[in-house]
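Here is a short report on the fold, for use beside the sequence and the 3D view. The text moves from the overall layout to the sheet, the core and one buried residue.

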Amino acid sequence: MADGDADLPKSIQGEQLEETGIVRASDEDVDLYVDRVSDEVLACRERGRHLFPTIRQAGIHFTEVDDEGLFVRRLTCTCCLLAVKVERWEGVRQRGRTRFHRVASNLEYRTGPDGQTYLAETGRGRMTPRQIGDSVASKALAGQTLTALRKAAKEAAKEAAKEAAQEAGGASGRRRPARTGDEAEAG
Ligand SMILES: [Zn+2]
């Protein structure tokens, strides 16, 4: 854009961070975090989402009534076991029945029995699922050369193409199941 005031070279990343106002954790901090947490925590981080059981799975049990008279329900993530969803429910009498509404929900993090924590140190920036994935992948691929990886990937592509060609050849020889509109009409 305005190249006149571009006296300081900025990375693309730096520009993005300025736009969003979110400070990202450095790659080094992400690598350190990936080394210290469990696979289950990494799974939630990489997914960018915790796995809470559904109401049918967990049942609905209230463990507290807050100051506003709302029912409190707590659910622990079945994957990392460190994230707790705290829900607040309200029960309203309506035409002789009680209708329940979840009016608020927030996340809390607990420390695991072995002292494990989900959150990284504060003040180190936010870690995105992509950063976690990048770090895990880089560690998994450490020690392999780009040349070897490229060669292996090209081999895999060749194999896949060969298999696809074989499959296509085989399929054309067989009789395809007739797909008419009969079934749709019958239903
Ligand atoms: Zn989780």
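The secondary structure of this predicted model comes to 7 helices and 4 strands. From the N terminus, the order is α-α-α-α-β-β-β-β-α-α-α. The protein has 187 residues, and buried residues make up 10% of them. Among contacts with a separation of 6 or more, 55% link residues 24 or more positions apart.

**The sheet**

The 4 strands build an open sheet. Their order is 1-2-3-4, and the pairing is antiparallel. Strand 1 (64-65) and strand 4 (97-109) stand at the edges. Each has a single partner strand, so one side of each is left without a neighbour in the sheet. Strand 3 (residues 83-94) runs antiparallel to strand 4, and 12 bridges join the two. Within this pair, arginine 88 stands opposite alanine 104 in strand 4.

**The nonpolar core**

The largest nonpolar core holds 13 residues. Val41, Cys80, Leu82 and Ala83 have the most contacts inside it. Two elements give two or more residues to this core: helix 2 (27-36) and helix 3 (39-47). Helix 2 gives the most, with 3 residues.

What does leucine 82 touch, not counting residues up to four places away in sequence? The list is Val41, Cys77, Tyr109, Arg110, Gly112, Gln116 and Tyr118. Of these, Val41 is also among the core residues with the most contacts.

**Glutamine 131**

Glutamine 131 is found in helix 5 (residues 129-140). Is glutamine 131 buried or exposed? Glutamine 131 is buried, because 22 other C-beta atoms lie within 10 Å, and the cut-off for a buried residue is 20 or more.

Glutamine 131 also has partners far away in sequence. The C-alpha atoms of glutamine 131 and aspartate 31 are separated by 9.1 Å, although the two residues are 100 residues apart along the chain. Leaving out residues up to four places away in sequence, glutamine 131 touches Arg24, Ala25 and Val30.

**Contact lists side by side**

The table sets out the two contact lists, again without residues up to four places away in sequence.

| Residue | Residues touched |
|---|---|
| Leucine 82 | Val41, Cys77, Tyr109, Arg110, Gly112, Gln116, Tyr118 |
| Glutamine 131 | Arg24, Ala25, Val30 |

Definitions and conventions: Residues are numbered from 1 along each chain as its sequence is written. This is a predicted model: local features need pLDDT of at least 70, side-chain atom pairs count only at pLDDT 80 or more; totals for chains, interfaces and linings use all residues. A nonpolar core is a set of buried Ala, Val, Leu, Ile, Met, Phe, Trp, Tyr and Cys residues joined through C-beta atoms within 7 Å. A residue is buried if 20 or more other C-beta atoms lie within 10 Å of its own, exposed if 12 or fewer, and partly exposed in between; C-beta atoms are placed from the backbone. Two residues are in contact if their C-beta atoms, placed from the backbone, lie within 7 Å. Two strands pair if DSSP finds at least two bridges between them.
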